[in-house]
Each structure stands twice: as C-alpha cells, then as structure tokens.
Amino acid sequence: MKASKTIPRIVLTVFLLLNGASGFQGKGVQQLKTKLIESDFEKERIEQIFSDPRFKIYHDLPSIWSRAKKIDYIERGFCSEKSIEDGLKFFISNSKSMSKAWKEYEVGGEYITALLKMESDLGRNMGERTVLNSLASNWFYIDGSTEKGKNKERIFYEEIVELLKMEGVLYKDDSDIFSLEGSYGGAFGWPQSIPTSYKNLGVDFDMDGDIDIIDPNDPDDSIGFIANYLVKHGFKEDKFNAIQDYNPNDGEKFPKAIILYADKLREKFIKSITPYLSRITF
Ligand SMILES: [Ca+2]
Ligand SMILES: [Ca+2]
C-alpha cells in the first residue's frame with residue numbers, strides 16, 4: 001500500500017476513470033445502495049435498479065464541468081437577433097399561459113421565455129442522458145471532503161431519493177426509472193428541473209390534471225413552473241437574485257444573460273405591436 005502513495009494523483013485519476021465504477025474507492029455503487037436501503041427503500045427494488053445493465057456512471061462528468069465553467073452565453077449567441085426572434089414566436093404563440101403567469105405571479109413572459117430558451121432551447125433540447133445515472137454520477141464525482149462538497153453530495157443524494165419516490169409520476173413508461181432523460185446534472189424537461197424542485201414548485205398550470213414539464217408539445221406547466229420558481233425565490237423584490245438562484249453555480253454570467261435576453265425580447269415585442277397599436281388609436 002505504500003507504493004500507492006507515490007503514484008501521482010493524475011495517474012491514479014486516469015486509472016480510476018479507465019476502471020469505471022468498480023475502480024472507485026470509498027464512494028461506490030455499494031455505498032449508494034446501502035444508504036438508500038437505510039433510507040427505507042426496498043432492498044429488492046434497489047438491487048434491481050442498480051444491477052440493471054442501463055445503470056452507469058458518466059465518467060466524462062469532470063471534463064464537462066470544466067468545459068461548462070468556460071461557457072459564455074452571450075458570446076455563444078444566446079442574445080442574437082435570431083435567438084430573440086425565436087423567443088418572440090414562442091412568447092406570442094403561448095400568450096395565453098404567459099398572461100396567466102403575469103396575472104397570477106406578476107412574472108413577465110419575457111423572463112420565462114428567456115429561461116426556457118436557455119434551459120432547453122424552448123423544448124428542443126431537454127437532454128439525452130438518463131436522469132438517474134446523471135444524479136448518481138454527480139454524487140460519485142463530487143469531492144465530499146470539503147464542507148461545500150459535502151453539502152453538494154447531500155443535495156444530490158436527496159435528488160436520487162426524490163427521483164426514486166416519483167415512480168408513476170416522473171417516469172410513466174411502465175414506471176421505468178431509466179426512461180426519464182435529462183442533462184448531465186440530472187435536470188429534465190423544458191425548464192430543466194431537478195426532482196425536488198419539480199415536487200415542491202411544479203404546478204398544473206393548464207389544469208389538465210397532470211404536472212407535465214416533459215411533453216415536447218406542451219409548455220404550459222413549464223411556464224407555470226418557472227413563474228412559481230421565480231416568485232418563491234424573491235423575484236418581486238430582486239429579479240437578479242431570483243434568476244441567479246435558478247442556476248446558482250454560474251456566478252453572475254447566468255442572470256446577466258437572462259436579463260439581457262428578456263430586455264431585448266420586450267423591446268422586439270413592443271416594436272412588433274406598435275404598428276397595430278397606432279392603427280387602433282387612429
Ligand atoms: Ca398540466
Ligand atoms: Ca397544455
């Protein structure tokens with residue numbers, strides 16, 4: 001064991017990556033399973049889920065994290081003319097839910113549109129990873145040796161617990177947990193929500209009996225979800241802060257891009273209706 005102390009950390013990391021989940025020392029599938037069984041999940045179900053051949057750890061996670069840190073939304077064209085035009089079309093074709101959001105939450109549709117555009121390109125890109133695998137991968141890869149890391153680890157564990165409890169709600173295809181897809185962070189649907197946010201802040205905005213933020217043809221509940229999320233995070237008092245809370249891992253970059261998008265969208269919308277307004281006036 002003495003030799004391992006002399007192996008440079010980077011070599012060891014590469015070794016662990018190449019060896020997959022079984023290469024993990026300390027944190028591993030077994031530890032997660034034991035913890036979940038201790039949290040009162042049926043042993044049989046846990047064994048079944050984690051021995052499913054579709055369960056896997058995404059080993060590209062650390063490299064995705066470091067790439068994500070460098071992303072500049074505005075530079076990447078998030079607020080380009082084309083992107084705003086796309087948002088305007090969405091805003092207009094969903095005006096019924098947008099005005100409902102304004103009436104019930106006092107959240108302008110330009111902010112809701114900006115967030116949905118950012119999170120899933122207005123429902124076109126909700127992520128193709130298995131949410132369970134993503135959440136488990138985050139839990140595995142987070143360095144729990146610091147206070148901050150420990151907190152993040154706890155958060156991801158809670159998300160896994162919540163996901164497991166959402167059988168028949170979040171994953172409906174034969175209640176198969178592997179059918180729910182999302183991002184590398186375990187976020188899913190139009191607003192890229194995580195399980196606890198869905199549970200606590202989801203709303204049946206179109207009152208059809210379901211809280212559905214996944215249907216690619218129906219953004220109504222997602223519009224309601226975002227409005228509710230923002231209000232519960234203090235949007236009326238501090239827009240910037242509430243928007244930052246939507247994605248707290250990204251400093252000021254995220255809220256700045258969202259607010260710029262919303263401002264441009266509002267401007268474009270007003271310009272687009274001005275000719276009609278003047279026709280009405282005269
Ligand atoms: Ca609904
Ligand atoms: Ca609907």
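Is M207 buried or exposed, and how many other C-beta atoms lie within 10 Å? M207 is exposed, because just 10 other C-beta atoms lie within 10 Å and a residue counts as exposed at 12 or fewer. Figure 6 returns to this residue. Every view below is drawn from a predicted model.

**Figure 1. Overview of the chain, with its 14 helices and two strands.** The chain has 282 residues, and 34% of them are buried. Consider the contacts between residues at least 6 apart in sequence. Of these, 64% join residues at least 24 apart. The close-ups that follow show helix pairs, an enclosed helix, a nonpolar core and two loop residues.

**Figure 2. Helix 9, residues 131-141, and its surroundings.** Of the 11 residues in helix 9, 10 are buried, so the rest of the structure largely encloses this helix. The buried residues are V131, L132, N133, S134, L135, A136, S137, N138, W139 and F140. Several elements cover them. Among the helices doing so are helix 3 (29-38), helix 5 (61-70) and helix 10 (147-165). Strand 1 (129-130) and strand 2 (181-182) also contribute to the cover.

**Figure 3. Helix 3 against helix 4, with a close look at I46.** The axes of helix 3 and helix 4 come within 9 Å and cross at roughly 155°. An angle over 145 degrees counts as roughly antiparallel, and the two helices are therefore roughly antiparallel to each other. Helix 3 passes helix 4 in a right-handed crossing. On the helix 3 side, the contact is made by V29, K33, L36 and I37. On the helix 4 side, K43, I46 and F50 take part. By class, this contact of helix 3 with helix 4 has five nonpolar, no polar and two charged residues.

I46 sits in helix 4, which spans residues 43-50. I46 counts as partly exposed, because 18 C-beta neighbours lie inside 10 Å. Leaving aside neighbours within four places in sequence, I46 is in contact with K33, L36, I37 and F41. The C-alpha atoms of I46 and L164 are separated by 9.3 Å. Along the chain, I46 and L164 are 118 residues apart.

**Figure 4. Two further helix pairs: helix 6 with helix 8, and helix 7 with helix 12.** Helix 6 covers residues 81-93, and helix 8 covers residues 109-120. Their axes come within 10 Å and cross at roughly 120°. That angle makes helix 6 oblique to helix 8. The crossing of helix 6 past helix 8 is right-handed. Helix 6 supplies S83, G87, F90 and F91 to the contact. Helix 8 supplies G109, E110, T113, A114 and K117. The contact of helix 6 with helix 8 divides into three nonpolar, four polar and two charged residues.

In the second pair, helix 7 (residues 95-105) and helix 12 (residues 220-232) pack at an angle of about 25°. Their axes are 10 Å apart. Angles under 35 degrees count as roughly parallel, and helix 7 and helix 12 are therefore roughly parallel to each other. The crossing of helix 7 and helix 12 is right-handed. From helix 7, the contact uses S97, M98, A101 and Y105. From helix 12, the contact uses D220, I223, G224, A227, N228 and V231. By class, the contact of helix 7 with helix 12 has six nonpolar, three polar and one charged residues.

**Figure 5. Four residues of the largest nonpolar core.** This core holds 59 residues. I112, L115, I226 and I258 touch the most other members. I258 is shown with its contacts. Leaving aside neighbours within four places in sequence, I258 is in contact with Y111, A114, L115, M118 and I243.

**Figure 6. Two loop residues with positive phi, S175 and M207.** S175 has a positive phi of about 55°, although S175 is not a glycine. S175 is found in the loop between helix 10 and strand 2. S175 is exposed, with 12 other C-beta atoms within 10 Å. M207 is not a glycine either, and its phi is positive at about 50°. The loop that holds M207 runs between helix 11 (195-201) and helix 12. As asked at the start, M207 is exposed, with 10 other C-beta atoms within 10 Å.

Conventions: Residues are numbered from 1 along each chain as its sequence is written. Chains are lettered from A and ligands numbered from 1 in the order in which they are written. This is a predicted model: local features need pLDDT of at least 70, side-chain atom pairs count only at pLDDT 80 or more; totals for chains, interfaces and linings use all residues. A residue is buried if 20 or more other C-beta atoms lie within 10 Å of its own, exposed if 12 or fewer, and partly exposed in between; C-beta atoms are placed from the backbone. Helices (H or I, at least four residues) and strands (E, at least two) are DSSP runs, numbered from the N terminus. Two residues are in contact if their C-beta atoms, placed from the backbone, lie within 7 Å. A nonpolar core is a set of buried Ala, Val, Leu, Ile, Met, Phe, Trp, Tyr and Cys residues joined through C-beta atoms within 7 Å. Axes are lines fitted to C-alpha atoms, for helices over the stretch in contact, and angles run from 0 to 180 degrees between N-to-C directions. Angles under 35 degrees count as roughly parallel, over 145 as roughly antiparallel, 65 to 115 as roughly perpendicular and the rest as oblique. A crossing is left-handed if the near helix is turned anticlockwise from the far one by less than a right angle, and right-handed if clockwise. Ala, Val, Leu, Ile, Met, Phe, Trp, Tyr, Cys and Pro count as nonpolar, Asp, Glu, Lys and Arg as charged, and the others, Gly among them, as polar.
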